[in-house]
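Subject: The structure we talked about

Hi there,

Here is the structure I promised to pass on. Have a look at it first, and then read on for what turned up when I went through it.

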Amino acid sequence: MKYERYHFGANLVLEIISGKWKPSIICSLDARPKRFNELKAYLQRVNGQPIAQKVLTEQLRQLENDLIVKRTDYHTVPFKVVYSLTEDGQRIHDFLIEMSRVGENLARHLASADQPIAFDYSYQQMIHHQKGELHAKS
């Protein structure tokens, strides 16, 4: 990320979490730390679409550079690396829950009968996710 002057702190946060998979990565790591392949499989399951290994690697590195995700290398054989949220990453997760809550409330006002707005899972599921895993989309 290129650091620059921001008008509001929120602009920096929005830049950090921008990216198709970053919010899902953050939410996926909230319940517990995960290894790369476990995270990849989980993201594919809950999002219903594949994520390329290169894309996941890039977005994890960006989140790590932005101090949202921590990469722990256990220096074992076989190779073991685990990804988890940092304290700031947890704060971002809480922010994403609130953003989802606001988005769902806005959707009620913005949607119309001929143009409904739907979500794969609700902010309430994100809150419950803190105690377990999100369920895959039906």
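To begin with the surface: the accessible surface of the protein comes to about 9,000 Å², and carbon and sulfur atoms account for 54% of that. Please keep in mind that this is a predicted model. Of the 138 residues, 33% count as buried.

**Overall layout**

The secondary structure consists of six helices and three strands. Going along the sequence, you will meet them in the pattern α-α-β-α-α-β-β-α-α. If you take the contacts between residues at least 6 apart in sequence, 54% of them join residues at least 24 apart.

**The nonpolar core**

The largest nonpolar core has 25 residues, and those with the most contacts inside it are I25, I26, L56, L60 and V69. At least two residues of this core come from each of helix 1 (9–17), helix 2 (22–31), helix 3 (36–47), helix 4 (53–65), strand 3 (81–85), helix 5 (87–110) and helix 6 (123–129). Helix 2 gives the largest share, four residues.

If you would like one residue to click on here, try I26. Which residues does I26 touch, leaving aside its neighbours within four places in sequence? The contacts of I26 are I17, L63, I68, L85, G89, I92, H93 and L96.

**The sheet**

The three strands make an open sheet in the order 1-3-2, with antiparallel pairing. Strand 1 (34–35) and strand 2 (69–73) are at the edges and have a single partner strand each, so one side of each has no neighbour in the sheet. As a general reminder, strands of a sheet pair through backbone hydrogen bonds, either parallel or antiparallel.

Strand 2 is joined to strand 3 by five bridges, and one pairing to look for is R71 with its bridge partner Y83 in strand 3. Strand 1 is joined to strand 3 by two bridges, and there K34 stands opposite Y83.

Is strand 3 buried or exposed? Five of its five residues are buried, so strand 3 is largely enclosed by the rest of the structure. V81, Y83 and L85 point one way from the strand, while V82 and S84 point the other way. The residues on both faces are buried.

**Charges and rings**

A search of the whole structure for aromatic pairs finds zero. Two rings do have a lysine over them, though. The charged end of K34 sits over the ring of Y42, 5.0 Å from its centre. K80 does likewise with Y74: the charged end of K80 sits over that ring, 4.8 Å from the centre.

Where is Y74 in the chain? Y74 is in the loop between strand 2 and strand 3. It is partly exposed, with a relative accessible area of 43%. Apart from neighbours within four places in sequence, Y74 is in contact with K80 and V82. So two of the threads above meet here: K80 has its charged end over the Y74 ring, and V82 is one of the buried residues of strand 3.

Happy to go through any of this together at the screen.

Best wishes

Conventions. Residues are numbered from 1 along each chain as its sequence is written. This is a predicted model: local features need pLDDT of at least 70, side-chain atom pairs count only at pLDDT 80 or more; totals for chains, interfaces and linings use all residues. Side-chain values use heavy atoms; hydrogens and water are left out. Buried means under 20% relative accessible area, exposed over 50%, partly exposed in between (1.4 Å probe, protein chains only). Contact means heavy atoms within 4.5 Å. Accessible areas come from the Shrake-Rupley method with a 1.4 Å probe; for residues, only the protein chains shown count as cover. A nonpolar core is a set of buried Ala, Val, Leu, Ile, Met, Phe, Trp, Tyr and Cys residues joined through side-chain atoms within 4.5 Å. Rings of Phe, Tyr and Trp (its six-membered ring) pair if their centres lie within 6.5 Å; planes under 30 degrees apart count as stacked, over 60 as edge-to-face and the rest as tilted. A charge sits over a ring if NZ of Lys or CZ of Arg is within 6 Å of the ring centre and within 35 degrees of the ring normal. Two strands pair if DSSP finds at least two bridges between them.
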